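Let's take a walk through a protein model together. Have a look at the picture, then read on.

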Amino acid sequence: MSSREKILSLIKQNQPEYQELTVQFKFDTVYENNFEKFAEILSFVGGKAIAVNSYEAIKADIQAHYKGVTNIASTVKELADLADFSLNVSDPHELETLNLAIIEGEFGVAENGAIWVSEKQLPHRVLPMITQYLVIIIKNSEIVSNMHRAYERVKVDETGFGTFISGPSKTADIEQSLVIGAHGARGLTVYVMQ
């Protein structure tokens, strides 16, 4: 028996007995208004949440705030006419000139302003990170209070990829100087359908 085999054998012999976890801990957070908390936290981390009642309201706001912007892509069929940039590419590197991406999120999280986005909403995984500015649309009824509730909804086996996005990309690693857009979008707007 080699030294390695001897060590592994001793480890196997000295393992504690399996104990089933009997308590399922769930942390309940109650906010008076999940949207207001979501908007507050998203603003704190550099994004903005806007309550809307229709896709027409979203379209009008995008046209007002991104006037003159080109290279816009949308995965939202109701806003397809805003797009002048095709996501029908085989190489994601071809998305490097994308200025604005408009996508849908599955749900939001009030406690941290995060939105869950999976491959169901994305033709390319890199889309929300490579664009200069990102717009995500979610439903107000789909804002959960905290990450405990969020993880109950995440189904990692349904898609090959998913991520929580909260605010624009930012880092302050170098000389404690804040850089916006270092690893992703420079701006995030979340339209919350009422």
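We'll go from the overall build to one particular residue.

First, some ground rules: this is a predicted model, where local features need pLDDT of at least 70, side-chain atom pairs count only at pLDDT 80 or more, and totals for chains, interfaces and linings use all residues. Residues are numbered from 1 along each chain as its sequence is written, and side-chain values use heavy atoms, with hydrogens and water left out.

The protein contains five helices and 11 strands. Those are DSSP runs, numbered from the N terminus: helices are H or I with at least four residues, strands are E with at least two. The C-alpha trace spans about 70 × 45 × 40 Å along its principal axes.

How much of the protein is buried? Of its 194 residues, 39% count as buried, meaning under 20% relative accessible area (exposed is over 50%, partly exposed is in between, with a 1.4 Å probe and protein chains only). Now take contacts, meaning heavy atoms within 4.5 Å: among those between residues at least 6 apart in sequence, 71% join residues at least 24 apart.

UniProt, in an unreviewed entry, lists residues 90–192 as "domain: LUD"; such annotations may be inferred rather than shown by experiment, and the positions follow the numbering used here, with feature names shortened. That span is 11% helix and 35% strand, and its end C-alpha atoms lie 31 Å apart.

Finally, find N71 in the loop between α3 (55–65) and β2 (72–74). Its phi is near 60°, a positive value in a residue other than glycine. N71 counts as partly exposed because its relative accessibility is 23%.
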